Amino acid sequence: MAGPVVVLGDTLLDRDVEGLVNRLCPDSPVPVLDETTSVDRPGGAGLAAVFAAAQGAEVALVTAVADDAGGARLGTLLAAAGVQLYALPLAGATPEKIRLRVRGRVLLRHDRGGSTGVPGEPSEAVLRLLATASAILVSDYGRGVAGHPALRAALAATRAPVVWDPHPRGPAAIPGVHLATPNEPEARELAKTPPGGSRLANASRSAQALRRRWQAGAVAVTLGGDGALLCHAGSTPLVVPAPAAEGDTCGAGDRFAAAATLALARGALVSEAVQEAVTEASAYVAGGGVASALPAPPPTVAPAVVAAGGERIGAGAAGEVVARVRAAGGTVVATGGCFDLLHAGHVATLQAARQLGDCLIVCLNSDAGVAGLKGPERPVVPQGDRSRLLAALGCVDAVLIFDEPTPHAALSWLRPDIWVKGGDYASGGGDQTLPESEILARWGGHTVVVPYLDGRSTTDMIAAARAGWPAGTVTGAGTARETVVRSTAKGAR
């Protein structure tokens, strides 16, 4: 593959709540579900991207993400799955679909997230991504991403094969897509196929009508356990039967579309891609569906329990600050680190960072993250206390605790205009690129370096305390380094 496989569309946060029902509610004749487990995963276009990444492909997801805790969780899940997130701003809340299940069967589905939000404008990095993709899957869930004018123009201009997985509430496919993959009810509704006739005849009429209307190279109507019907240039459709399979079909359509896209990216014919997709989707259902196909999601970091300043800590607090500043046209600044044994050098860096914009979000390594980076004896101060101390500083607007080795997932969700590092990057000579620069470039952000104070080091402070040295021998009055801020891109404040 010459470039990444790109999935473009609407992403939801899916949650499966498994439990037992042993009684009825005393005030209403409905079953009471006693929850035993709960699993989060990306849904919609996010699920299709995770499926593609699980096959070893380089996968980038272009989707809209809200400034809320659900959006933060999606960023974490996608990063853990190896999906590069190119997030568009999303007004409103992250859509969530919650399935309440008993012994693997769905008892009730609970949707929340309100009305469809309006996706923001794509960055230049997103448009370049679509131009260099090896294949593109448009996974439309009717929430606006597939209808964005700038994205549709970029899709129309790309030379990559485009697979369009439509939604009845979504827009028409762009003219000339290689393959459209509606399921049977979607094809019938989109094509306005009148009732009557056999199942295969109706599917064929629907597929041919959509192929003509969308000027598509081919349309494959998925038929559940019966496989798929493919209509292309010829008048006779190709029926691809599926191996017998029983199980949870949730996500089977996304698995089909992702498999077909990967096959086209490798140079397969459309008919070969559809046959491969039927096989993959059938194996997916037979293997237990989404519960078995995805790796265990990363744990959710519990919010710190604090008495004072708690309103400044957590994904909800960070999202509210970012949304408010963006709505006012302000500049969002973020920085990150362990901040174990908060000292004057930390404070100097945070104060300098806050001066670069209209808010400062601190991405704080969790206790597990610090232990992974620094060793089992760290942190000295637990994350609850570290977050409380940071939130008490006047230069800090919110603290977001993250559990991963790097802040990349948090950054993909927050999308700060400026990411700040404190240290001697600016004095090392040569063209030293911060590791976060590529992430920031996805939405047009900048990385900068601010000076730090000599002689301030958490590691040295811990060593001095253990050795019983006077504190001044470690943190003594070292002079501030030259007040320099180096930006990796022009125009950073």
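## Close-up views of a predicted model

**Figure 1. The whole chain sets the scene with 17 helices and 19 strands.** Everything shown in these views comes from a predicted model. Of the chain's 493 residues, 51% count as buried. The accessible surface adds up to about 21300 Å², and carbon and sulfur atoms account for 54% of that area. Contacts also reach across the sequence: taking those between residues at least 6 apart, 72% join residues at least 24 apart.

**Figure 2. Asp254 is a buried acidic side chain without a salt bridge.** This view takes us to helix H7, which spans residues 252–265 and holds Asp254. If you go looking for a partner of opposite charge, the nearest such side chain belongs to Arg41, 8.1 Å away. A salt bridge would need a side-chain nitrogen of Lys or Arg within 4 Å of a carboxyl oxygen of Asp or Glu. What Asp254 does have is a polar contact, side chain to side chain, with Tyr141 at 2.9 Å. Tyr141 also appears among the residues that Asp254 touches beyond four places in sequence, together with Gly44, Leu47, Ala48, Phe51, Ser139 and Asp165.

**Figure 3. Strand E16 is largely enclosed by the rest of the structure, because 5 of its 5 residues are buried.** The strand covers residues 398–402. Which residues point which way from E16? Ala398, Leu400 and Phe402 point one way, while Val399 and Ile401 point the other, and all of them are buried. That pattern is a familiar one: in a regular strand, side chains alternate between the two faces of the sheet.

**Figure 4. Strands E15 and E16 run parallel and are joined by 5 bridges.** Here the neighbouring view brings in E15, made up of residues 359–365. To find your way along the pair, start at Val362, whose bridge partner in E16 is Val399. Val399 is also one of the two residues, with Ile401, that share a direction from E16.

**Figure 5. Glu35 is an exposed residue of the model, with a relative accessible area of 52%.** Glu35 sits in strand E3, which runs over residues 31–44. Is Glu35 buried or exposed? The residue counts as exposed because its 52% lies on the far side of the cut-off, which is over 50%. Setting aside neighbours within four places in sequence, Glu35 is in contact with Val17, Glu18 and Gly19. For Gly19, the C-alpha to C-alpha distance to Glu35 is 4.2 Å, with their positions 16 residues apart in sequence.

Notes
Residues are numbered from 1 along each chain as its sequence is written. This is a predicted model: local features need pLDDT of at least 70, side-chain atom pairs count only at pLDDT 80 or more; totals for chains, interfaces and linings use all residues. Side-chain values use heavy atoms; hydrogens and water are left out. Helices (H or I, at least four residues) and strands (E, at least two) are DSSP runs, numbered from the N terminus. Buried means under 20% relative accessible area, exposed over 50%, partly exposed in between (1.4 Å probe, protein chains only). Lys and Arg count as positive and Asp and Glu as negative; His and the chain ends are not counted. A polar contact is a pair of N or O atoms within 3.5 Å; within protein, one must be able to donate a hydrogen and the other to accept it, and residues adjacent in sequence count only if both atoms are side-chain atoms. Contact means heavy atoms within 4.5 Å. Two strands pair if DSSP finds at least two bridges between them. Accessible areas come from the Shrake-Rupley method with a 1.4 Å probe; for residues, only the protein chains shown count as cover.
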